[in-house]
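The following note was prepared for a colleague who wishes to review the secondary-structure packing of this entry. Please read the numbered points alongside the sequence and coordinates shown here.

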Amino acid sequence: MTGSAGHGTGTPGRLAALLTEAATEAIRTTAGRISGVYLRAGTPGLLRLAVLAGLPAPLFHPWWRLHVARPFPVADAYRLGVQVDLPNATEAMRRYPQFAAGLPFQFGSLYIPVVGGSSTFGVLTLLRPAAADATELLADQDRLARLAARLGVALRRLEGDGPPLTWDDRPLSVRPPTTRPFSGRTAHFSWDPVTDLVTPDRDVHALLSLPPGEFPATLRDLARTLAPTDSPQLLALLRETAKGRPPPLPVPVRAADGALRLLDLRPPSPGPGSQAGSGAGPGPDSASGPAPRPATDAAARSPSDARPGPPSASTPATALAKGVLRDPNADSPADAAAGLLPEGVFCLDRLGLVVYANPRAAHLLGMSRARLLGRAVWEGVPWLHQPAFEDHLRGALLSPDPVHFQVRRPATDEGQEYEGDWLALSVYPGPDILTCTVVPSNRMAEPSDPLLEAPGGPSTDDGRTSDAAPTAPQYRPIVLAIALTEAVTARQVSAVVTQELLPAFGGRRLAIYLLQDRHLYLAWENGFPEGFLAAFEGVGLDARLPGVETLTTGRPLFFDSIEQMQAAYPGMAIDATRGARAFLPLIASGRPVGSCILGFDGPRSFSTEERTVLTALAGLIAHAMEKAQRYDTEAALARGLQQALLPRRLSSHPQVETAGRYLPGTQGMDVGGDWYDVVEAGDGLALVIGDVQGHGVQAAATMGQLRSAVRAFALGDRPPDEVMSGTNRLLIDLDPGQFASCCYLRLDPATGWLRVARAGHPPPLVRGADGRTHALDIPGGVVLGVTPDAHYPVMELLLEPGAILALYTDGLVEQPGFDIDDGIGALRVALDNAGSSVGRHGEHSLADLADRLTATARHAADRPDDIAILLATRHVMPRPPG
C-alpha cells in the first residue's frame with residue numbers, strides 16, 4: 001500500500017503534508033507536469049529530493065541526492081538564492097551541460113529557492129513542456145515564486161525554535177492532480193470516529209467483490225479487508241483522517257478478487273455531523289483530495305480500540321468521516337473494443353502504475369492481467385527493470401513526443417515459446433495517462449541497434465545468467481559520465497568502470513594501466529587469472545605490446561579473438577580464455593594517462609558504433625583518472641601536512657598516563673582542523689584539545705598555527721585564561737575567516753588539581769575512581785576568533801588518582817538529526833562501561849580505551865566531521881621504602 005507519509009526530521013507527518021501539498025499545487029496552478037521539492041539533508045552540503053509528483057521516484061534515482069556545489073540548476077538555486085529558469089533543452093545544455101546530458105529530453109524547467117526568515121530550506125522545482133524562450137515562463141514563474149514563498153513561511157513556522165528541518169529519507173512519490181473527471185464506478189462508506197462503526201452505501205459490496213451483508217462493521221476490520229498485508233498502515237491513515245488529517249492522495253487498496261481500487265479519505269465536516277448510515281460523501285473530484293482540516297473534538301476523543309455499538313441517546317451527534325472507493329479499471333465500450341485489437345495495449349499513470357491492459361498485452365508480456373494491474377510496470381514485468389527502458393519511460397514522461405524501441409523477452413522457466421524473441425514497444429505521452437502498444441517483432445538485432453535486451457544476456461563462468469544486461473551503447477556514456485562525476489580517487493574511478501562499462505558490452509575482465517616515468521604500472525584489475533598480468537608490470541613505452549602501442553599511437557585496438565591477437569603479436573603471453581580483447585588509450589587533453597584493457601569470455605566482433613562509443617568512453621575515463629591522480633597526489637601532501645601538524649609523541653610525566661586519537665572526516669582530503677596536545681607547563685602538564693571550523697587544507701593550516709600558539713603559551717606556564725585570550729587575539733589578527741573551539745587544562749600531577757578554561761568547546765568527561773562518569777560543568781567563553789576582548793573564566797577541580805579525564809571534539813558526539821547532548825550521553829555511557837578495565841591493575845591501557853571509544857566512528861563509511869579525543873589518568877607514586 002502506498003500513500004503513507006515519509007519521514008523527515010522535526011514533525012514528519014506535517015512536514016510530508018506541506019511538501020506534498022506544495023508539489024501538487026505547483027502542477028495544478030501551472031503548465032507543469034512534474035514537480036518536486038528538494039530539502040537540505042542532515043549531512044552539510046547535501047540536498048535530498050523529498051517529494052516528486054508526476055514522475056515515478058525510482059526513475060529519478062540518480063538525482064535523489066545532490067551536492068550544493070554540483071553544476072546543477074537545483075544546486076545553484078539553493079546555493080546562490082536565485083531563481084533558475086531553463087525554457088528548453090537548448091538552454092539547459094548551454095548553461096548546465098552535465099544536467100542536460102543526464103536528461104536529454106525536450107522539456108523546460110524552473111527552480112525557486114524555498115526561503116523562510118533567514119533560512120533556505122530547499123528548492124521547489126517544476127518540469128513543464130519546452131518553451132521557445134523565457135518569456136513564455138513568466139506566468140509559471142510568478143505562481144511558483146508565490147508558492148515557494150508560502151512554503152518557506154510554513155516550514156519556518158514548523159521548525160520554530162527546534163533543530164533545523166532536514167530530509168534524509170527516500171523521496172515520496174506523489175500522484176499529480178488529474179486533468180479529467182473520473183467516470184468509473186464509485187461507492188461510499190462512512191464511520192463514526194467515536195464508536196468506530198462503519199456504514200456502507202449499496203454499491204460498496206459490488207465494488208469490493210463482497211457478498212451482500214458481509215461488509216466489515218468496525219474500522220479495524222475495514223482495514224484488514226482493504227489491505228490484508230498493510231492493515232496497520234491503513235488503520236493509521238483512517239484514524240488520522242478522523243482527526244482531520246487525511247492523506248492528500250488516493251490510497252491504492254484491493255478488492256476481494258485482487259482488483260485495484262483507489263480510496264479517497266475525507267475528514268469529518270465541522271459542526272454537527274449527520275447520523276450514521278447517511279453514507280453520502282462528496283462525489284469524486286480531483287485526485288489530490290481536500291486540504292487537511294483541524295481535528296474536531298469528537299475525533300480527538302476517538303479511542304484507539306473503541307468497542308462497536310450504537311451511540312446512546314445521551315451521546316451528541318458526531319461528524320462522520322467518509323471514504324470514497326473508485327474503480328480505475330471499469331470496463332467501458334472502449335475497453336471492450338481494445339480487448340479485440342491484434343496489438344497489445346496497456347496504460348500507465350504518471351507514477352508508472354499499470355491502470356489498464358488488454359488481454360493481448362498481458363499475453364505478449366507473459367504476465368496475467370491480475371499481475372499487471374495496479375502495480376508498477378517494472379514490478380509487473382520484472383524483466384523491464386533495466387536502465388535503458390527507464391530512460392525511454394523518462395523521455396515519454398518529460399517530453400510530448402512518443403518513443404519507440406525494441407526489447408528482447410527472456411525465456412520462461414517452462415520454456416514457453418513466443419511469437420518471436422523481440423517485442424516492439426511504443427509509448428505515447430498524455431497529461432494523465434501514458435498509452436503503450438506492444439507487438440511482436442522478428443527483426444534481427446544488430447550490435448549497433450539501440451535495442452533493449454532483457455536480463456539473460458551475458459553468462460558467468462559457471463553458466464548462470466548475469467544480472468547485468470547489455471543496454472543501448474548510446475545510453476552508456478550518459479550513465480558512465482554521471483557515475484564518474486562521483487568518483488574521486490583512482491580506485492573509485494576503476495570501480496565505476498567495472499560496474500558500468502563491463503556490463504554494457506558483456507565484458508568480464510578489466511585492467512587499467514597508468515603511465516609513470518615512461519612505464520606502465522597496473523592500477524586496477526578485475527577478472528584476470530591470478531598472476532597473469534605480472535609479466536606486463538612496469539613495461540616501458542618501447543615494448544611491442546597492444547597495451548603499450550594503443551597509448552603511443554592513440555589508436556584503440558580491437559581483436560575479435562585471442563587467435564587474432566596472437567597473429568598480430570606472436571609470442572605474447574595469453575590467458576586460458578579464448579575471448580575477444582579491446583585495448584583503449586587513456587588520453588586526456590592530449591596528455592597520455594595510461595591504457596585500458598577489456599576482456600571477453602568468447603569471440604565477438606565490434607561494430608563501428610561500438611568502437612566509436614568505447615573510444616569516447618576511454619576519453620571520459622582518462623579525464624576522470626587524471627583528475628583522480630591529481631587528487632591522490634594532493635591528498636597525500638595534505639595527509640603529510642596533517643601528520644606534521646599533529647604531535648608525534650605526547651609529553652609525559654611519571655604520574656600521568658595519556659592517549660590521543662585523531663580521525664579525519666571521510667569527505668574531502670582526509671584532513672581537518674581538530675587537534676590535541678600534551679605540553680610540559682612548569683612542573684605540571686597542559687592538556688589541550690581544539691577544533692577549527694571547516695574541513696580541508698585551510699582548516700589544517702589554521703589548526704597548525706593555533707597549536708603552535710597554545711604550545712608557546714603553555715611552555716611559559718601561563719594561566720589558562722591568558723592562554724585562551726592570547727590565542728583568541730592571535731586568531732583574530734591572522735583573520736583566516738574561521739573560528740575555533742578549544743579546551744585548555746593545566747594539571748598538577750602531584751596534587752591532582754586542575755585549572756580549566758573553555759572556549760565554546762564540548763565539556764570534558766571524568767570517570768571517577770568510583771566508576772561513575774559525569775560531564776564537568778565548566779563555565780566557558782565564546783569560540784576563538786569572534787571578539788578580541790572575550791573573557792574566559794577559569795575553574796578549579798580535583799582529579800582523583802585512578803580517575804579518567806576525557807577531552808573530545810564534537811565530531812565524536814554529534815550526528816545529523818540528533819541532539820549533541822544525546823551524543824555526549826552515549827559517550828558517557830561508553831566510558832562508564834569501558835573504563836573499568838583501565839589502570840595500573842586493569843587488563844587494558846589508556847590507548848586501548850581510546851581505540852574502543854573511537855571504534856564505531858573509525859569503521860563508519862560516512863564520517864562527515866573530524867574526530868579527536870585525548871584521555872588522561874593520574875597515578876599515585878609509591879612511597880620509597882624506609
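1. Helix α20 passes helix α21 in a right-handed crossing; a crossing is right-handed if the near helix is turned clockwise from the far one by less than a right angle, and left-handed if anticlockwise. Helix α20 covers residues 697–715 and helix α21 residues 720–734, and the two pack at an angle of about 145 degrees with their axes 10 Å apart. Axes are lines fitted to C-alpha atoms, for helices over the stretch in contact, and angles run from 0 to 180 degrees between N-to-C directions. On the α20 side the contact is made by T702, Q705, L706, A709, V710 and F713, and on the α21 side by V723, G726, T727, L730, L731 and L734. These residues divide into eight nonpolar, four polar and no charged, where Ala, Val, Leu, Ile, Met, Phe, Trp, Tyr, Cys and Pro count as nonpolar, Asp, Glu, Lys and Arg as charged, and the others, Gly among them, as polar.

2. On provenance, this is a predicted model, in which local features need pLDDT of at least 70 and side-chain atom pairs count only at pLDDT 80 or more, while totals for chains, interfaces and linings use all residues. Residues are numbered from 1 along each chain as its sequence is written, and side-chain values use heavy atoms, with hydrogens and water left out. Helices (H or I, at least four residues) and strands (E, at least two) are DSSP runs, numbered from the N terminus.

3. One open sheet has five strands in the order β25-β34-β33-β30-β31, with antiparallel pairing; two strands pair if DSSP finds at least two bridges between them. Its edge strands are β25 (656–663) and β31 (773–775), each pairing on one side only. Neighbouring strands of this sheet are turned by 15 degrees against each other on average, direction ignored. Eight bridges join β25 to the antiparallel strand β34 (residues 867–874), and the bridge partner of G660 in β34 is L870.

4. Two helices lie across that sheet. Helix α22 (residues 820–834) lies across β30, β31 and β33, at about 25 degrees to β30. Helix α23 (residues 846–853) lies across β25, β33 and β34, at about 30 degrees to β25.

5. A further open sheet of five strands follows the order β9-β8-β12-β11-β10, again with antiparallel pairing. Strands β9 (198–200) and β10 (251–254) each have a single partner strand, so one side of each is left without a neighbour in the sheet. Here neighbouring strands are turned by 30 degrees against each other on average, direction ignored. Within the sheet, β11 (residues 260–266) and β12 (residues 321–326) pair over five bridges, with L262 opposite R326. Helix α8 (residues 231–242) lies across β8, β10, β11 and β12, at about 30 degrees to β11.

6. Strands β19 (residues 509–516) and β20 (residues 519–526) pair in the antiparallel sense over seven bridges, and A511 stands opposite E525. Their hairpin has two residues between the strands, and D517 takes a positive phi near 55 degrees. Two bridges join β20 to the antiparallel strand β21 (residues 539–540), where G540 stands opposite H519.

7. Is S109 buried or exposed? S109, in strand β5 (residues 108–116), is buried because its relative accessible area is 2%, and buried means under 20%, exposed over 50%, partly exposed in between (1.4 Å probe, protein chains only). Leaving aside neighbours within four places in sequence, S109 is in contact (heavy atoms within 4.5 Å) with V84, D85, L86, L126 and L127.
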